[in-house]
Amino acid sequence: MIIDDHSRFLVGGGLFYNDNAYNFQKVLKDAVAAHGIPAKLYVDNGCKSTFLRRLILYGFVYDIDYSDLREYNYTLGKISSNLNQIAKRMNATGNVYKADVEEVKKLMKQVWDTQKSM
């Protein structure tokens, strides 16, 4: 819902299954078409605030799915942890074992394979 802060007049609204940027944009466009561009716009949600700022500045908003990057960062974190454990073992014993070198090669191959898949 979009409410005039001063008069408490309901300027726009909608009933949707999901609260997302697309539905909010639809309600906002309808409200602006019916009542004009407001002098100020207060929102109660940070992501909507960012959405509005981009919409006003650029006239369009891209909704980008970053789930692949999150998975990539998670995988890199696991690989980094494994490499760190191998490095600690090498530093503690002063020896470099063939199995450790093979493990490092395997982990680096995972990094490159993950990078290529993006």
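1. In this predicted model, helix α1 covers residues 21-35, and its length can be checked against its residue count. At 1.5 Å a residue, the 15 residues of α1 should span 21 Å; the C-alpha atoms at its ends lie 21 Å apart, so the expected and computed spans agree.

2. Burial along α1 involves N23, F24, Q25, V27, L28 and A31. After the helix comes G36, which has a positive phi, near 90°.

3. As for the overall make-up, the protein contains 4 helices and 2 strands. Their order along the sequence is β-β-α-α-α-α. Of the 118 residues in the protein, 16% are buried. Among contacts with a separation of 6 or more, 43% join residues 24 or more positions apart.

4. The length check can be repeated for helix α3, which comprises residues 67-93. Its 27 residues should span 39 Å at 1.5 Å a residue, and the end C-alpha atoms are 40 Å apart; the two values therefore agree. Just after α3, G94 adopts a positive phi of about 80°.

5. How do the axes of α3 and α4 lie relative to each other? Helix α4 is formed by residues 98-116, and its axis comes within 10 Å of that of α3, with a crossing angle of roughly 165°. Because angles over 145 degrees count as roughly antiparallel, α3 is roughly antiparallel to α4. The crossing in which α3 passes α4 is left-handed.

6. Which residues make the contact between these two helices? From α3, the contributors are Y72, T75, L76, I79, N82, L83, I86, R89 and M90. From α4, they are D100, E103, V104, L107, M108, Q110, V111, T114 and Q115. By residue class, the contact of α3 with α4 divides into 10 nonpolar, 5 polar and 3 charged residues.

7. The burial pattern of α3 should be read together with this contact. The buried residues of α3 are Y72, I79, I86 and M90, and the buried residues of this helix pack against α4. Y72, I79, I86 and M90 also appear among the α3 residues that make the contact with α4.

8. Two glycines deserve a joint remark with regard to backbone geometry. G36 follows α1 with a positive phi, and G94, placed just after α3, likewise has a positive phi.

Technical notes: Residues are numbered from 1 along each chain as its sequence is written. This is a predicted model: local features need pLDDT of at least 70, side-chain atom pairs count only at pLDDT 80 or more; totals for chains, interfaces and linings use all residues. Side-chain values use heavy atoms; hydrogens and water are left out. The expected span of a helix is 1.5 Å times one less than its number of residues. Buried means under 20% relative accessible area, exposed over 50%, partly exposed in between (1.4 Å probe, protein chains only). Axes are lines fitted to C-alpha atoms, for helices over the stretch in contact, and angles run from 0 to 180 degrees between N-to-C directions. Angles under 35 degrees count as roughly parallel, over 145 as roughly antiparallel, 65 to 115 as roughly perpendicular and the rest as oblique. A crossing is left-handed if the near helix is turned anticlockwise from the far one by less than a right angle, and right-handed if clockwise. Contact means heavy atoms within 4.5 Å. Ala, Val, Leu, Ile, Met, Phe, Trp, Tyr, Cys and Pro count as nonpolar, Asp, Glu, Lys and Arg as charged, and the others, Gly among them, as polar.
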